[in-house]
Amino acid sequence: MANCASAKKRIRQTARRTDVNRTRLSEIRSAVRKVEEAIQSGDKAAAQTALQNAQPLMARGAQKKILSGNMTSRKLSRLSRRIKVMAA
């Protein structure tokens, strides 16, 4: 258990950041899931729209170090490639 005031403050800050990060990560996963579902359904327009909604969330997650930058780039690249090869 933390004894000094600064350590207690860090515990409070960490708890707040954890809640924010968990919320952001959940939003990102939901957005990616919507893209995957649109790809599975075969609706190219819906998939493109879902990807456009997911891209800024993922980029922000990478910027805030919630996600790895390379993982974000790889995931976006693979999703956009899957959408690109879909029949129009």
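In which helix is the place of L57? L57 sits in helix α2. The model is predicted, and the points below start from the whole chain and then return to this residue.

1. Fold content. The chain has three helices and zero strands. Read from the N terminus, the order is α-α-α. The chain is more spread out than a compact globule, because its radius of gyration is 17 Å, well over the 12 Å that the globule rule gives for 88 residues.

2. Dimensions. The C-alpha trace spans about 60 × 20 × 15 Å along its principal axes.

3. Burial and surface. Buried residues make up 24% of the 88 in the chain. The chain exposes about 6,400 Å². Carbon and sulfur atoms supply 49% of that area.

4. Charge. Positive side chains number 21 and negative ones 5. The centres of the two sets lie 12 Å apart.

5. Contact range. Take the contacts in the chain with a separation of 6 or more. Residues 24 or more positions apart account for 64% of them.

6. Core. The largest nonpolar core has 16 residues. Those with the most contacts inside it are V35, I39, A47, L51, L79 and I83. The elements giving two or more residues to this core are α1 (5-41), α2 (44-63) and α3 (69-84). Helix α1 provides the largest share, six residues.

7. I39. This residue is listed among those with the most contacts inside the core. Setting aside neighbours within four places in sequence, I39 is in contact with A47, L79, R82, I83 and M86. Three of these partners, A47, L79 and I83, are also on the list of core residues with the most contacts.

8. L57, exposure. Is L57 buried, partly exposed or exposed? L57 counts as partly exposed, because its relative accessibility is 24% and the buried class requires under 20%.

9. L57, partners. Which residues does L57 touch, not counting those up to four places away in sequence? They are E27, I28 and A31. I28 is 29 residues from L57 along the chain, yet their C-alpha atoms are separated by 5.9 Å.

10. Points to view together. For the core, display I39 with A47, L79, R82, I83 and M86, its contacts beyond four places in sequence. For helix α2, display L57 with E27, I28 and A31.

How values were computed: Residues are numbered from 1 along each chain as its sequence is written. This is a predicted model: local features need pLDDT of at least 70, side-chain atom pairs count only at pLDDT 80 or more; totals for chains, interfaces and linings use all residues. Side-chain values use heavy atoms; hydrogens and water are left out. Helices (H or I, at least four residues) and strands (E, at least two) are DSSP runs, numbered from the N terminus. The radius of gyration is taken over C-alpha atoms; the globule rule is 2.2 Å times the number of residues to the power 0.38. Buried means under 20% relative accessible area, exposed over 50%, partly exposed in between (1.4 Å probe, protein chains only). Contact means heavy atoms within 4.5 Å. Accessible areas come from the Shrake-Rupley method with a 1.4 Å probe; for residues, only the protein chains shown count as cover. Lys and Arg count as positive and Asp and Glu as negative; His and the chain ends are not counted. The place of a charge is taken as NZ of Lys, CZ of Arg, CG of Asp or CD of Glu. A nonpolar core is a set of buried Ala, Val, Leu, Ile, Met, Phe, Trp, Tyr and Cys residues joined through side-chain atoms within 4.5 Å.
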